[in-house]
Amino acid sequence: MESPLTSELLQCAICLGELEDAFALPCLHSFCSQCLQGHISVSQKKVSKTLKLKRFPCPTCRVWINSPGSGVLDFTKDFRVVKLKDALKEWKKKGSSEKILTCGLCEKDFSNPLDHYCADCQKYLCSMCCTYHNSHSVLSNHIMFPVSSGQGKNESIKCSVHLDEQMKYHCETCSLGICVKCIMDEHGNHKVINHQYGSNPQKVEMRNSMSQLQTQLSLLNEVMFNLTSIEGHIRSQHEQTKLQIRKHSNKMINHVYQEQSRLLKETDVDYQQKYDDLSRRKENCKGFIHHLTNLQSKLESLLRVPDINTVLDNFQSLLKDTQDTETVEIYTQELVDIPKCAQYMSSNVGKLGHIIYGDQTTFKPTCTDLHKRYGHSDEISGRIYEYRVKGRQDMKLFHGRTSPIANHPVDHKPSYPVAKLLCHIGGKGTKQYQLSLPYGITFSADEKLVVAENGNGRIQMYTKEGVFLKMVPLPRCCPRSLSLLKDQKVVFTDENEKCLKIINLETFEISSITNRYTERTVSFPFGVASLCDGRFVISDMIYETVTLTSSTGVIEKQLGEEDPSNVYDNPSYLATDSEDNIFVSDSGNHKIKVYNKYGMFLFQFGNDGVKEGQLRYPKGIAVDNNGLIYVADAGNDRVVVFSRLGFFLSVLVDRKYGIERPTGLAYSPTGLLAVSMPDKHEIFVYQLDNSIPSQF
């Protein structure tokens, strides 16, 4: 019969059957060739389009492995499995033909002659183990019987007096092994015990100790299994973290080089403009210098003429030319100023986010835009050197430039939603009123706040005033995102089992919708939102996809697949409105993307930045009854409001009101808005003033 260990070593972790034609991965886990080929094919279909290399996770330890070019034949064939199976067959063959007597301590084959039999240990011993046995202080007083060379493998130990009888008893008076005839003869009045059924107190105690050791060993094996599982999970997280670091580092490096090229080009343009302007001015200045030099020479020559009549004849014309000439000293500071693009960069040294996370597909500001944005005028203003000759417009040296300041009309903004704080819930801990990583939040139909705690693995419910109602433990669950269903039910994503689950808020019954690692379901669900017809929208941050599924979790459509260039970068939280339009928080691209209920792309808004209308790593989304879109702008520590068409309206709350890295948002039909902040383990609940601008 095979041992549990042998069965586990020869078992394929994919089909759970015996390994056939086994191949070993670089992580040293082995699988059937057909099973491994199928796993690679399924995994490659789900790999994100943004990844340049095809990769798949090991089914056992989840380490990411590059897919081979020629299939599983590129991996090493596991000859250890072949040898183990051959050894197992040989062992079975020997066991079926005859019983092999082995040394009870070293467990060698009977080819190594047995020397003694220990009646207390009930083991056969070879000569080497017998010497070690007798040298031990605890074992030295055991009863040992020699084993003759003529005894076969199936023969029992014979009595030394009655050679035809088996030695089944032990005389404690004589410290001698005896047979049944010896008992009837001279050992009749002695203290005799049966070898097989002897149960002295020491043996009973040892058996009890052995039972306790077996129990402890079983517990330790279970702990070892759990530690091995955690090790695989940590290894997988480590690989994923390194992958994300490489991706973002490459983005940062590429964008820095692009910004460098753009700013150098703008500097060259600024220099060329100034150089051309100065060249023109220098040529004009040379002409006027020549004019003034000639006039000065004429005056000097006239002063040297001794004839007074000649002086009088030329005096009036030269005096008129001299009086018609005026100089006004005005200096142009912009000609020697540092270029505006250099001022822009110097004022933002160290703020890598200002240039690193910019959206490369959106408008990039020029020097002129930067001047206007930061209060600089593109027109040359200030003081210039101006030389005028009265009555001669063509003799003007420099044409003056003005810097008109546009009189912008005052915007009469409509009144936007205003948030009034109702209550504050949280504080890190495991007790009531305490939270640990409250990522997912939603309001029930009767306006109870439902909170999913990722750190404590449970769901808590509060009133809108922040009064604790109930707590529902979720064994072996790590809830992330929530979405309200009908009949007082909530669907949530479980990071531990990688599936969708539904909980009834009245009966607390939990049921799973999707299974793990199937070709027709999402592999690593993160965000979830529900549609009116019972379908789900699920985001997958590992494969970076957003999927429209049936009510049973079967994939129907991948959002954005019509446009290969429209890829996601860490898609996270989702939301739907009254018309079942789908809102996706594309966090890595700093955008909100909108689709209709059939998965067709409608529009998108947002780009990387800190100003109005810009986002930085947006997370939670909520849509109110009027179609206004609320976005948790986590990177900017604020919650912002957009119109139903994606136009920026206002900042609802920010860090001045205690908002730090908001993540989850929840809206109720009566105008309640809840904001979760997992880093602070807190939730703020606001009442919104529903003064909606009519023009939006």
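In the predicted model, N454 lies in the loop that connects β16 (449–453) to β17 (458–462). N454 counts as buried because its relative accessibility is 11%, below the 20% limit that applies to buried residues. A polar contact links the side chain of N454 to the backbone oxygen of P479, at 3.0 Å. Beyond its neighbours within four places in sequence, N454 is in contact with S436, L437 and Y439, with C478, P479 and R480, and with E495.

P479, the residue whose backbone oxygen the side chain of N454 reaches, stands opposite D494 in β20. Strand β19 (residues 479–484) and β20 run antiparallel and are joined by four bridges. The two strands form a hairpin with four residues between them, and D487 in the turn has a positive phi of about 60 degrees. Strand β20 (residues 489–494) is mostly covered, five of its six residues being buried. β20 also pairs with strand β21 (residues 499–504), to which it runs antiparallel and is joined by six bridges. On this side, D494 stands opposite C499. D494 thus has a partner in β19, P479, and another in β21, C499. The hairpin of β20 and β21 has four residues between the strands, and K498 takes a positive phi near 55 degrees there.

A further hairpin is formed by β27 and β28, with five residues between the strands. D580 in its turn has a positive phi of about 65 degrees. Strand β27 (residues 571–576) is mostly covered, with five of its six residues buried. It runs antiparallel to strand β28 (residues 582–586), and four bridges join the pair. One pairing is that of T576 with I582 in β28.

The cysteines were examined next. A disulfide is a covalent bond between the sulfur atoms of two cysteines. Zero disulfides are found in a search of the whole structure. For C478, one of the contacts of N454, the closest cysteine sulfur is that of C477, and the separation of 7.7 Å is too far for a bond. C478 is partly exposed because its relative accessible area is 27%, a value between the limits of 20% and 50%. The sulfur of C12 has its closest cysteine sulfur in C15, at 3.7 Å, and these two are therefore also unbonded, since the cut-off is 2.5 Å. C12 counts as buried, with 0% relative accessibility.

In soluble globular proteins, nonpolar side chains tend to be buried together. The largest nonpolar core holds 20 residues, of which L25, L36, F56 and F75 touch the most other members. At least two residues of this core come from each of β1 (22–24), β2 (30–32), α2 (33–46) and α3 (79–97). α2 supplies the largest share, three residues. Outside its neighbours within four places in sequence, F56 is in contact with L25, L36, H39, I40, S43, V63, W64, I65, N66, S67, P68 and F75. Another core, of 19 residues, lies apart from this one and includes Y416, L628, Y630 and V675.

Over the protein as a whole, there are ten helices and 37 strands. Of its 696 residues, 41% count as buried. Among contacts with a separation of 6 or more, 48% are between residues 24 or more positions apart. The protein exposes about 39900 Å², and carbon and sulfur atoms supply 54% of this area.

Terms used: Residues numbered from 1 in each chain as written. Predicted model: local features only at pLDDT ≥ 70, side-chain atom pairs only at ≥ 80, totals over all residues. Heavy atoms only, no water. Buried < 20%, exposed > 50% of the residue type's maximum accessible area, 1.4 Å probe, protein only. Polar contact = N/O pair within 3.5 Å; in protein donor to acceptor, adjacent residues only side chain to side chain. Contact = heavy atoms within 4.5 Å. Core = buried A, V, L, I, M, F, W, Y, C linked by side-chain atoms within 4.5 Å. Areas by Shrake-Rupley, 256 points an atom, 1.4 Å probe, with all protein chains shown as cover. Pairing = 2+ DSSP bridges.
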